[in-house]
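Here's a quick tour of one model, written for someone who likes to poke at strands and pockets. Have the viewer open and follow along.

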Amino acid sequence: MALPRNRALCAAIAAGSLFAAANGGGPKWFEDATEKAGIRFKHTNRAFENPYAHIMSGYTALGASAAVADFDNDGWEDVFLTDSSKTGRNRLYRNNGDFTFTDVTEGSGLGTGNDANNASADALWFDFNADGKQDLFLVRFGHSLLFENLGGGKFRDVTKQSGISGYSNAITSIAFDYDHDGDLDLFVGAYFQPIDIFDPKTPRFFPESFETANNGGGLTLYRNDGKGHFTDATKQAGLVLHGWTLDLGHADADNDGDDDLYVAADFGTDRFFLNNGDGTFQDITEKAIGIDSKKGMNTDWGDFDGDGFFDIYVTNITDDYMREGNFLWKNNGNLTFTDVSRELNVYDTGWGWAAKFFDHDNDGWQDIYVVNGWVSAGKDSYVPDIFNMVIKPNIDFADARNWPPMGNKSLSGYQKKRLFHNQRGQIFKDTAPQHGIDSTKDGRGIAIADFDHDGRLDMLVSNANSEPFLYRNTAPVRNWIEFQLEGRKSNRAAVGAVVKVTAGGRTTSHFVNGGNGFASQSTLAVHAGMADAVKADKVEIRWPSGEKQTFEALASNKIYKISEGGKPSVWTPKAK
C-alpha cells in the first residue's frame with residue numbers, strides 16, 4: 001500500500017535528514033557556551049614524583065570530573081569541577097540564571113583537595129544528613145573528604161566525625177538508599193589497591209593481568225545511620241571485591257522496588273549485584289551478564305527501548321589493537337541482559353569514558369552521548385611499546401618496573417566524541433558531527449542538566465588536562481515535562497524514585513539517579529521528552545519507600561514539585 005503523498009514526503013525528508021546528520025550536515029543543536037558562560041577553568045593531570053613517575057603519568061590521566069546540583073537552593077543547577085595537580089584548586093560555580101556562572105570557590109571551603117599526598121578524582125553531591133542542602137563528597141586518590149553544606153555558600157570538612165576514613169585510591173562514588181531506612185548510603189569504588197601511590201614502597205601495584213586482575217581497590221559501602229555517621233558495611237552487605245573499579249551505577253533492574261548495582265571493572269570482569277531487599281546483595285554476574293574480560297569504564301542506566309525496564313550502557317575499549325566494544329545491555333525483564341551494542345550501532349566509541357542516556361531532542365527516546373580518548377600527546381604511538389611488553393614470556397604485569405614509560409607518546413588519543421540519536425529503540429545514529437560536539441579532547445565526565453530551564457537538556461563535559469565544554473542545547477522546541485521530587489518516608493532527595501510518564505500513546509520510564517556515569521553527576525530532576533503531546537495523560541511515581549502515586553492530565557512544558565504523598569505544584573523559574 002502506497003503512502004499518502006504528504007506522509008511519503010515526510011518519510012523522504014526524514015531519511016534525507018538522517019543521511020545528512022550522519023555526514024555532518026543538518027541543523028546544529030548545541031552551542032559551545034563555555035567561555036560566554038564564564039566557566040574559565042583548566043584541568044591539569046597529576047605529575048608524580050617517585051621512581052615510577054615516568055610510567056604512572058599516562059595511567060593516572062584521570063580526575064577531570066563534573067558534578068551538578070543546586071547547592072544554594074535557588075532553583076538553578078550549579079557546577080563543581082575537579083583538578084588533579086598537586087597545587088590545583090577545585091572550582092565551584094554558581095548559576096546566575098541567565099546561562100552565565102560565577103566562580104564562588106573562594107571562601108566556600110571547597111577549593112582545596114589536592115596536595116602532595118592526595119589527588120581529586122571525582123565528586124558527588126548528596127544530602128547525607130537530610131537537611132535539604134546538598135553536601136559534597138570529594139573522591140580522591142588518598143583520603144576522600146566529606147563536606148557539609150552549611151548554607152550561605154559555606155562548607156566544612158566533616159570527614160573525621162562522619163566515620164569515613166582510611167586510605168583508598170578511590171575513583172568513583174554513588175549514593176542511594178540500599179536498605180530503605182530513609183537515608184542515602186555511600187558506595188565508593190577504588191582503582192589501585194590501598195597503597196600510597198604517591199610514594200609506593202613496592203613496585204608491585206599494577207594490574208596482575210589484563211583479563212582477570214584481582215589486585216585492585218574494589219568497593220566500599222558506607223551505611224548511613226541517619227545521624228550523619230557512616231559505618232563500613234561492605235562485608236555485611238556481600239560486596240567484598242578486589243577488582244579494578246572504574247565506575248558504579250544503580251537502578252531497579254527487576255522493578256521490585258530495590259535498587260541493584262553494576263560495577264564496571266578495568267582489567268577484569270564487570271559485576272552485577274542483585275539487591276535482596278534485606279540490606280544484602282547477591283552476586284548474580286554469571287546469570288545476568290556473563291563473565292567478561294573487557295575493560296569496563298562507565299555505567300549508566302536508562303530505558304532506551306521503552307519497554308519499562310532499565311537497560312545499562314557500559315563503555316569499553318575499541319581501538320586498533322584492542323577490539324573489545326561497548327556493552328548495551330538490554331534488560332530482558334528476568335534479571336538477564338543481552339548485549340545489543342553491535343546491532344544498534346553503539347559498539348565502537350574508541351577508548352570510552354563517560355556515557356549518558358538523555359533525550360536531547362525531547363522526542364521521548366533516550367539518546368546516548370559518549371566521550372573518549374585516553375592520552376593525546378605526540379605523534380608517536382605507545383601501542384608498539386605495550387605490544388612488546390605483552391609478548392614477553394613470564395612477564396609480571398603487577399610490577400610497575402616492567403611497564404614501558406609513555407613519555408610524550410599518544411595512546412588512543414585525538415578521538416571524536418559520539419552522540420547517538422535513538423531511532424525509536426531500533427538503532428542509533430551518530431549525529432555528533434552535525435551538532436559540533438565531536439571534539440577530540442580527552443573526555444572524561446558528562447553532567448546533564450537544564451541549566452537555563454528552557455526545557456532542553458544541556459551538557460557539561462570535563463576533559464583531562466584541558467578546559468571543559470559547556471554545551472547549550474538549542475534544539476527546536478518540543479514538549480517536555482520535569483519533576484523535582486522530595487521524599488518524606490523515602491530519602492529526602494528521592495534517589496531511586498521511578499517515574500513513568502504516559503503521553504501521546506507511549507509510556508516512558510525514568511528514575512532519580514544518585515551519581516551514575518564515570519567522573520560525572522547529572523541533575524536529580526526527572527526530565528521526560530513528550531514530542532508533540534500537550535499533556536501527560538498519566539504520571540506514576542513509585543517512591544523508594546514503596547509508596548505509589550498517580551496523577552492525571554498534567555500539562556506539558558512545566559516543572560512540577562512533588563513531595564512524597566502530596567500533590568504536584570508548578571514551579572516557575574525566577575530571574576535573579
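Which residue in β36 does F483 stand opposite? That would be Y560. Keep in mind that this is a predicted model.

**Around β29**

F483 and Y560 are a handy way into the pairing of β29 with β36, which is parallel and runs over five bridges. β29 also has strand β33 (residues 526–531) as a partner, and here the two run antiparallel, joined by five bridges. If you want a residue pair to click on there, take I481, whose bridge partner in β33 is A528. Six of the eight residues of β29 are buried, so the rest of the structure largely encloses this strand.

Here are the strand pairings discussed in this report, side by side:

| Strand pair | Sense | Bridges | Example pair |
|---|---|---|---|
| β29 and β33 | antiparallel | five bridges | I481 and A528 |
| β29 and β36 | parallel | five bridges | F483 and Y560 |
| β4 and β5 | antiparallel | three bridges | Y93 and D103 |

**The second largest pocket**

β29 turns up again in the second largest pocket, where it supplies four residues, the largest share of the lining. β2 (66–69) and β36 (559–563) join β29 (479–486) in giving at least two residues each. The space in this pocket comes to about 690 Å³. There are 30 lining residues, and D70, N73, Q484, L485 and K561 are the closest to the centre. As for chemistry, the lining is a mix: twelve nonpolar residues, nine polar and nine charged.

**An open sheet**

β2 has another role, as a member of an open sheet of five strands, in the order β5-β4-β3-β2-β32. Pairing in this sheet is mixed. At the edges sit β5 (101–103) and β32 (520–521), each of which pairs on one side only. On the β5 side, the neighbour is β4 (residues 91–95), antiparallel to β5 over three bridges. Within that pairing, Y93 has D103 of β5 as its bridge partner.

**Helix α7**

Which residues of helix α7 are buried? In this helix (residues 383–390), they are V383, D385, I386 and M389. Looking down the axis of α7, you'd find these buried residues within an arc of 160°, so they line one face of the helix. That fits the usual geometry: an α-helix has 3.6 residues a turn, so residues three or four places apart point the same way. Part of what covers the buried residues of α7 is α3 (53–59).

Key. Residues are numbered from 1 along each chain as its sequence is written. This is a predicted model: local features need pLDDT of at least 70, side-chain atom pairs count only at pLDDT 80 or more; totals for chains, interfaces and linings use all residues. Side-chain values use heavy atoms; hydrogens and water are left out. Buried means under 20% relative accessible area, exposed over 50%, partly exposed in between (1.4 Å probe, protein chains only). The arc is that of the directions from the helix axis to the C-beta atoms. Contact means heavy atoms within 4.5 Å. On a 1 Å grid over the protein atoms alone, a cavity is a set of points where a 1.4 Å probe fits but cannot get out, and a pocket is an open set with protein on both sides within 12 Å along at least five of seven lines; lining residues have an atom within 4 Å of a point. Grid points are joined across faces, edges and corners, and a volume is the space filled by probe spheres set on the points. Ala, Val, Leu, Ile, Met, Phe, Trp, Tyr, Cys and Pro count as nonpolar, Asp, Glu, Lys and Arg as charged, and the others, Gly among them, as polar. Two strands pair if DSSP finds at least two bridges between them.
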